[in-house]
Every structure is written in C-alpha cells, then in structure tokens.
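The following paragraphs lead through a structural model, from its confidence profile to the details of one sheet and its surroundings. Please keep the sequence and the coordinates in view while reading.

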Amino acid sequence: MDEFGTETDSDYTSYWRDWFISSRGNEYFCEIDEDYLTDRFNLTGLNTEVQYYQYALDLVTDVFDLDCDDDQREQIEKSARHLYGLVHARYIVTTRGLSKMLDKYKKSEFGKCPRVMCSQQALLPMGQHDTPTHSAVKLYCAKCEDLYNPKSTRHASIDGAYFGTSFHNILFQVYPNVQPAKSMRRYEPKIFGFRVHAAAALMRWQEERREETVKGLRKFGVEGVGFLEDEESSEEIEEEFGAVQEGPVVAGGGSQMQL
C-alpha cells in the first residue's frame, strides 16, 4: 500500500481502481464494475462506516479533485481502500462478481490447499466475520472443509470482512459443478506397519458414524452425498482393524502402547 505515495496526482486520480487491483497484496480482489459503484443503492449504510466517505467514493470512482495536504490525502486514500473492501464484499455475491471470482478460482489465484490428501485443491478467500476489524482473511478448502492462513504476509493483513462469511458457499450454490467431491482419505499413523490403537479406534468410530449418516440419507431418498469412496472396501477395513486388535505390544519408557 505504501506504493501509493510514489504515484503522481494524475495517476491515482484517473486510474485508482486499476492501481489498486494491480498493487502487490491485492491479488485476492476483483475489479468492481463502475456501474455498481455509482449506484447509491449498492452503497447503502456505508457512509456511516467510512471516514471521509464522499471523498473516498470520489477517489474510487475517479472523480476526486480536492486540493488537500498530504496528511489529509493519505487519510482519504485509507478510507478509499476500506470503502472498496466493504463494497467488494457485496459485489462478489452478485452474478457479475461471482463470475469474476470463479475465473480466479479456476486459475488457483487464491492458492492451493497445503493438505497432502487434498491433492492441491484450489482455495477460496473468506472471512470469519462480516464486521470489519474482527479477523483477517482466511482461505477455505472445499475438499477438506478446513481453513488456512495465507502464505504471504501481504495477504494475511487483509480484513476478512472484505470477502464475508457467505461468498464461498454462494459460489458453490450457483456453480455446483465446480465444487469438488469431499474425500474420506486421511493420514493413518502407524508403527512398523500397524495402526496406533487409539487412532484406529477413533477412525473406526468415525467410519461407523459416517455409514449411519449415509444410510439415513439413503432412507430418505438422498443419493450422492458428495464423498469420494476410498480405494479400500469396507470389508478390507474391517479385516485390517481386526488385525490391529491382535497386533503386538510395543514397550518403551516404562509404559506399553498397544498397536
């Protein structure tokens, strides 16, 4: 953001949105259409949340012509960035905004899931609160349904309210074909080829709960619950769990751990 101070007056008053989108650290944002910014209905309530609201709006819409000192101009620029972020959260849940964010999602511009079992699934930015200054933006993986911090510190400082808590869910509702199937694959801790007893018991309990859920959904005629089948069949899993219960005991440190 400090790069703003190196631009001339004509640069940032005539092409503010182009400058903002192309600045380092703002790669998560899409460009808001001018028609959306100039429709006062879309800006309802923001005048009470943004300092120097009118000046900031004029700067964002490239009609800013106020002659002011550097300190006041810096404050207006800060307000303009905040205003753009708040409008951005509203824009990306519109038809046009969803389309732009979908293109960025398909190109993996928001990054890929660091979880090995997700096979580099593309991520989506999201906020944990819709109110500004509560938390920074997080990255959501639709495959493992977990949240991650951005790798870059530039992205980690973005307010999560600029994306909101609903955007990623709305995107998959509008474009269900891009939602990945949820995988049941998970890391299995083992010692010399045997599953650790506590982890094996937990996994068996989770498998039983999942099977009960699937059976309940099928009972009501709900098919295709969105899970990828593991390579192992349920019979093979049961056999492996049986082998685990009969496995050896490893001693160490004065205590025993059953495998």
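Over residues 1-14, pLDDT, the predictor's confidence in each residue on a scale from 0 to 100, stays under 50. For this stretch the model has 20 contacts beyond four places in sequence, a contact being heavy atoms within 4.5 Å. Residues 230-259 likewise stay under 50 in pLDDT, and there the model has 38 contacts beyond four places in sequence. Across the protein the average pLDDT is 82, and 80% of the residues score at least 70.

This is a predicted model, in which local features need pLDDT of at least 70 and side-chain atom pairs count only at pLDDT 80 or more, while totals for chains, interfaces and linings use all residues. Residues are numbered from 1 along each chain as its sequence is written, and side-chain values use heavy atoms, with hydrogens and water left out.

The protein has 10 helices and nine strands; these are DSSP runs numbered from the N terminus, helices being H or I of at least four residues and strands E of at least two. Of the 259 residues, 40% are buried, where buried means under 20% relative accessible area, exposed over 50%, and partly exposed in between, with a 1.4 Å probe and protein chains only. The accessible surface comes to about 15,200 Å², and carbon and sulfur atoms hold 49% of that area; the areas come from the Shrake-Rupley method with a 1.4 Å probe, and for residues only the protein chains shown count as cover. Among contacts with a separation of 6 or more, 61% link residues 24 or more positions apart.

Attention now turns to one sheet. Three strands form an open sheet in the order β1-β2-β3, with antiparallel pairing; two strands pair if DSSP finds at least two bridges between them. Because β1 (123-126) and β3 (146-148) stand at the edges with a single partner strand each, one side of each is left without a neighbour in the sheet. From one strand to the next, the twist averages 40 degrees, with axes taken as lines fitted to C-alpha atoms, for helices over the stretch in contact, and angles running from 0 to 180 degrees between N-to-C directions.

Four bridges pair β1 with β2 in the antiparallel sense, and Leu123 has Cys141 as its bridge partner in β2. On the other side, β2 (residues 138-141) is joined to β3 by three bridges, again antiparallel; here Tyr140 is partnered by Leu147 of β3. These two strands, β2 and β3, form a hairpin with four residues between them. In the turn, Glu145 has a positive phi of about 55 degrees, although Glu145 is not a glycine. With a relative accessible area of 46%, Glu145 is partly exposed. A positive phi of about 55 degrees also occurs at Ser119, another non-glycine residue, which lies in the loop between α6 (95-106) and β1.

What covers the strands? In a regular strand the side chains alternate between the two faces of the sheet. Both faces of β2 are covered, with Lys138 and Tyr140 buried on one side and Leu139 and Cys141 buried on the other. Helix α8 (residues 167-174) lies across β1 and β2 and runs at about 135 degrees to β1.

The cysteines deserve separate consideration. A disulfide is a covalent bond between the sulfur atoms of two cysteines; here the criterion is a pair of cysteine sulfur atoms within 2.5 Å. By this rule the count comes to zero disulfides. The cysteine sulfur closest to that of Cys113 belongs to Cys141 and is 3.6 Å away, which is too far for a bond. Cys141 is in no disulfide either, and the sulfur of Cys144 lies 3.6 Å from that of Cys141. Cys113 is buried at 5% relative accessible area, and Cys141 is buried at 0%.

A final site is His155 in helix α7 (residues 153-156). Is His155 buried or exposed? Its relative accessible area is 11%, so His155 counts as buried. Beyond its neighbours within four places in sequence, His155 is in contact with Gly25, Glu27, Tyr28, Val137 and Pro150.
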